[in-house]
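Me: Hey, I've never looked at this one before. Can you walk me through a few spots?

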Amino acid sequence: MIWLPTGSEALAADEYTQKEIGIPGIVLMERAALQLLSAFQEMTEEESGGFGLSRFRKERDRILIVAENGNNGGDGLAFARLLGEAGYLADVLMLDGIPKKTESFRVQERILEACPVRVFDAAHFDLKEAAAERRYAAVVDAIFGAGLSRPVEGIQAEMVRFMNRLPAFRIAVDVPTGISADTGRVLGTAFRADVTVTFGFPKLGLMLGEGREYAGRVLVRDIGLRIPEKGGAMVYTREKKDIARLLPARPVRGHKGTMGHVLLIAGSREMCGAAVLAARAALKTGAGLVKVMTERINREPLAASVPEALIELYDELSGDPEEYEAGREALEKQVRRAASWADAICIGPGLGTGDTSLELLRSLAKAVKATDADVIMDADGLNLLAKDPGLLESFSGKNVILTPHIGEMNRLLRAWPDEKGRTPDDDPTGVAEEFSAKTGVTLVMKSDRTVVASTEGIFLNTLGNSGMATGGSGDVLSGVLASLYAMSPKEAPRRERLAELGVLVHSAAGDAAAAKSGKAGMVAGDIAECLPGVLREAENANME
């Protein structure tokens, strides 16, 4: 588990490390500078062509460090000193736009006076000339760090625009100036880095929204910061290797009757493919039996595409009032029987939002009261819920997992508005946390960075790739989740982490599919086909 602090949490960790652990701020600053130097030297090594600085020569090429009067600037001054001592050609541009200098900054400023580094002030530095002469091979942003909460203006904004125009390699210290460490949003204007060297922990804003683009490649370096004890939820991420630790063990004596039963209420005459993808994914994730409850018209394509799945068919309800009521009662009994068989039920992929689909959801709300089944609502299941929000209360007491993409989430927020007026684009982790707490569900909010919010905290997925932005990818995730919940006994260790595990497995399969087919050419079926390889890798890791 990797902590993703907000700006205020990062500052609290810095303060805690100094006051409670006893490590002076100037020591932390020196450690940060040493890590910056180490990272810079890695970037300029011959074999580091991936960074774009492999042709840099210390005796020929100059580095510009742009610093303000705060602690982020102090990191920059210490870095400049170490560069000079190591034989690099380093210049420092002091902005002096913050009236009060921090004590650690003053110490670094005094030390720098005796070092082989040129120091300029903004008033006597010709920006146009520096850019025109291509004077600098690299520029380092040490203006503002994680604590910024207001738009960048004045001399700082002017310098950010200048640095972005320079034909130089761009490095940010901790967080690019102008990027919110909380949300990744641009505050007025922002430094666009090729590499960001951040300290202690990857800041949340570097993982979200525009922050991902402006941060470039993120290098996390340890300087000895400690996490303070805090109340409330924390945002964290995981690595691919965590899949092995979270994956439920398969019983040696298990058989298809004991390895989990998945019921998928999915597909319609227009969208049979969604049911196919979800069923295929559930089977390839390891469920013992998968049953697809779908419209009668889908029987042949389902049987041909997923021969391993069981199929239960229903008829669309009639428009005649008397026939409708009789059909509704029959449908309710059918759903009750199917639900009593299942360990996990997923409703929604390709289901449609007509009257028959609504009655299926209502019937399921009644049926699950007599079962221990987990319920996953996806796609049209969520759209139906947005139309009739009271239905969610009918699932009270059950383990419910909602898996909306951003559009579906916005529809749900009309029924359960965010108290602070935030949107998923503004503050995805904050919106997800509040929604989960308010409704009592586990929320899997899908986007380029999927958020899982539950009573266990806020998980932000950092695996996956842009090739997964393709129709049907969410249907595959639904099948993965349904399978994991069905296979995992109610008392299983780490069962509360199954939603996170499902997202990790799905994303790792997406990365495998991209490696095989390319991001542009991959489709959702490719993700499903790569699921067994991801699980095999995790199983092998657990055997080592």
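Reply: Sure, what follows is a quick chat about a sheet, a cavity and a couple of residues, all in a predicted model.

Me: Cool, sheet to start. What's the strand order in the open sheet of 7 strands?

Reply: The order goes β4-β3-β2-β5-β6-β7-β8, and the pairing is parallel.

Me: And which strands are at the edges?

Reply: Those are β4 (118–121) and β8 (217–221), each pairing on one side only.

Me: How much are neighbouring strands turned against each other?

Reply: On average by 20°, if you ignore direction.

Me: What actually pairs strands in a sheet, in general?

Reply: Backbone hydrogen bonds do that, in either a parallel or an antiparallel way.

Me: Back to β8 then. How many bridges join β7 to β8?

Reply: There are 5 bridges between β7, which covers residues 195–199, and β8, and the two strands run parallel. As one example, threonine 196 has valine 218 in β8 as its bridge partner.

Me: New topic: holes. How many cavities of 30 Å³ or more are there?

Reply: The count comes to 1. The volume of the largest cavity is about 30 Å³.

Me: Which residues line the largest cavity?

Reply: The lining is made of Thr442, Val452, Ser454, Glu496, Arg497, Leu498, Ala499 and Glu500. Two elements give two or more residues to that lining, β17 (451–454) and α18 (498–517).

Me: Which one gives the largest share?

Reply: That's α18, with 3 residues.

Me: What about the chemistry, how do the lining residues divide up?

Reply: You get 3 nonpolar, 2 polar and 3 charged residues.

Me: OK, switching again. Where does glutamate 9 lie?

Reply: Glutamate 9 is part of helix α1, which spans residues 7–21.

Me: Is glutamate 9 buried or exposed, and why?

Reply: Glutamate 9 counts as buried because its relative accessible area is 15%, and the cut-off for buried is under 20%.

Me: What does the side chain of glutamate 9 reach?

Reply: The glutamate 9 side chain gets to the backbone nitrogen of threonine 6, at 2.9 Å.

Me: Last one, glutamate 537. Which helix is that in?

Reply: Glutamate 537 is in α19, residues 524–543.

Me: And why does glutamate 537 count as partly exposed?

Reply: Its relative accessibility is 44%, so glutamate 537 falls between the 20% limit for buried and the 50% limit for exposed.

Me: How far is glutamate 537 from arginine 135?

Reply: Their C-alpha atoms are separated by 49 Å, and the two residues are 402 residues apart along the chain.

Key
Residues are numbered from 1 along each chain as its sequence is written. This is a predicted model: local features need pLDDT of at least 70, side-chain atom pairs count only at pLDDT 80 or more; totals for chains, interfaces and linings use all residues. Side-chain values use heavy atoms; hydrogens and water are left out. On a 1 Å grid over the protein atoms alone, a cavity is a set of points where a 1.4 Å probe fits but cannot get out, and a pocket is an open set with protein on both sides within 12 Å along at least five of seven lines; lining residues have an atom within 4 Å of a point. Grid points are joined across faces, edges and corners, and a volume is the space filled by probe spheres set on the points. Helices (H or I, at least four residues) and strands (E, at least two) are DSSP runs, numbered from the N terminus. Ala, Val, Leu, Ile, Met, Phe, Trp, Tyr, Cys and Pro count as nonpolar, Asp, Glu, Lys and Arg as charged, and the others, Gly among them, as polar. Buried means under 20% relative accessible area, exposed over 50%, partly exposed in between (1.4 Å probe, protein chains only). A polar contact is a pair of N or O atoms within 3.5 Å; within protein, one must be able to donate a hydrogen and the other to accept it, and residues adjacent in sequence count only if both atoms are side-chain atoms. Two strands pair if DSSP finds at least two bridges between them. Axes are lines fitted to C-alpha atoms, for helices over the stretch in contact, and angles run from 0 to 180 degrees between N-to-C directions.
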